[in-house]
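Here is a short round of questions on how the labels for this model are earned. Each answer sets a value against its cut-off.

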Amino acid sequence: MPVSAASPAAVSFDLTGRTALVTGANTGLGQAIALALGGAGARLVLVGRSPMDETVAALDALGAGHHVIRADLAETSGLDAIVAEAEGWSGGLDILVNNAGIIRRADALDFTEADWDAVIDVNLKSAFFLAQAAGRRMVPRGRGKIINIASLLSFQGGIRIASYTAAKSGLAGLTRLLACEWAGRGVNVNAIAPGYFETNNTDALRADPDRNAAILARIPAGRWGDPGDLGGAAVFLASSASDYVHGIVLPVDGGWLAR
Ligand code: NAP
């Protein structure tokens with residue numbers, strides 16, 4: 001059988017000319033993903049509620065273009081306008097990374113409705129409606145990449161984080177649903193499930209000596225993830241190298257789930 005255009009020789013991780021929107025890009029995993037995509041050639045739309053100065057400076061050093069949109073993603077009525085602005089700036093959005101997220105910790109017996117709603121709104125509702133806004137532009141064009149930042153709590157139960165587990169498990173389900181609806185229309189929807197990474201999100205865990213030691217002892221790689229460890233997975237799922245990959249939740253976890 002002849003070798004097709006999709007042979008290994010045709011594989012490309014190059015994002016030159018592509019525009020990627022990353023939410024929560026001022027810090028942590030979102031910042032690392034933005035820099036990885038910029039390093040692969042993409043221009044970035046950085047979305048979040050805090051100043052993006054650090055990320056902008058790093059993108060400048062890479063020579064990657066950027067546009068900042070300040071937005072609180074808990075305000076889910078403004079999500080279509082964010083994608084519209086990104087399209088207006090770039091001429092067309094190629095990649096959406098739903099990264100922004102929060103966590104609230106309390107025993108299930110004490111969990112409040114406020115902590116439920118806050119996490120579901122940012123981690124699940126805004127991710128879906130941003131994907132919908134992007135999909136409404138990408139599907140008619142017949143191409144696009146959507147990457148949801150899931151979690152080990154997309155696979156496991158966890159403790160004291162009821163709304164986070166519900167949101168991340170829901171996000172894995174939505175990733176599969178959107179992949180089923182859009183895979184045949186040229187749009188890839190996938191997710192990355194980071195393990196335990198050193199970011200603001202995990203400050204409380206790393207500050208607790210017992211939890212920190214227990215987590216480290218369970219990670220086969222023997223260390224917390226550095227945000228830069230996510231870059232390869234993000235570039236892969238954003239590039240044509242993953243054109244036949246749909247609906248996966250890719251763990252980047254130092255082997256946690258293999259244990
Ligand atoms: P982080 O350092 O706390 O960053 C979270 C990002 O989300 C920040 O940019 C934050 O902005 C933004 N954000 C939160 N609420 C927002 C809102 N209402 N509107 C706009 N932006 C908002 O945490 P991280 O670890 O990088 O987390 C990034 C993603 O990875 C999250 O979805 C998280 O659940 C997921 N994750 C993290 C880990 C880990 O070990 N770190 C593991 C699995 C999954 P501000 O800086 O303004 O708050």
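Q: Why is helix H3 called oblique to helix H4?
A: In this predicted model, the axes of H3 (residues 79-90) and H4 (residues 113-141) cross at roughly 40°. Angles under 35 degrees would count as roughly parallel, and 65 to 115 as roughly perpendicular. The crossing angle fits neither range, so H3 is oblique to H4. The two axes come within 8 Å.

Q: What is the handedness of the crossing of H3 and H4?
A: H3 passes H4 in a right-handed crossing.

Q: Which residues of H3 and H4 meet?
A: From H3 come Leu79, Asp80, Ile82, Val83, Ala84 and Glu87. They meet Ser126, Phe129, Leu130, Ala133, Ala134, Arg137 and Arg141 in H4. Contact here means heavy atoms within 4.5 Å.

Q: What makes up the contact of H3 with H4, by class?
A: The contact has eight nonpolar, one polar and four charged residues. Asp and Arg count as charged, so Asp80 in H3 and Arg137 in H4 are among the charged ones.

Q: How much space lies in the largest pocket, and which residues lie nearest its centre?
A: The space is about 950 Å³. The lining has 45 residues, with Gly101, Ile102, Tyr164, Thr199 and Asn201 nearest the centre.

Q: Which helices give two or more residues to that lining?
A: They are H1 (28-39), H5 (162-182) and H7 (209-218). H7 gives the largest share, four residues.

Q: How does the lining of the largest pocket divide by class?
A: It divides into 22 nonpolar, 17 polar and six charged residues. Gly counts as polar, so Gly101 belongs with the polar residues of the lining.

Definitions and conventions. Residues numbered from 1 in each chain as written. Predicted model: local features only at pLDDT ≥ 70, side-chain atom pairs only at ≥ 80, totals over all residues. Heavy atoms only, no water. Axes fitted to C-alpha atoms, helices over the stretch in contact; angles between N-to-C directions. Parallel < 35°, antiparallel > 145°, perpendicular 65-115°, else oblique. Left-handed = near helix turned anticlockwise from the far one by under 90°. 1 Å grid on protein atoms, 1.4 Å probe; cavity = no way out; pocket = protein on both sides within 12 Å on 5 of 7 lines; lining within 4 Å. Points joined across faces, edges and corners; volume = space filled by probe spheres on them.
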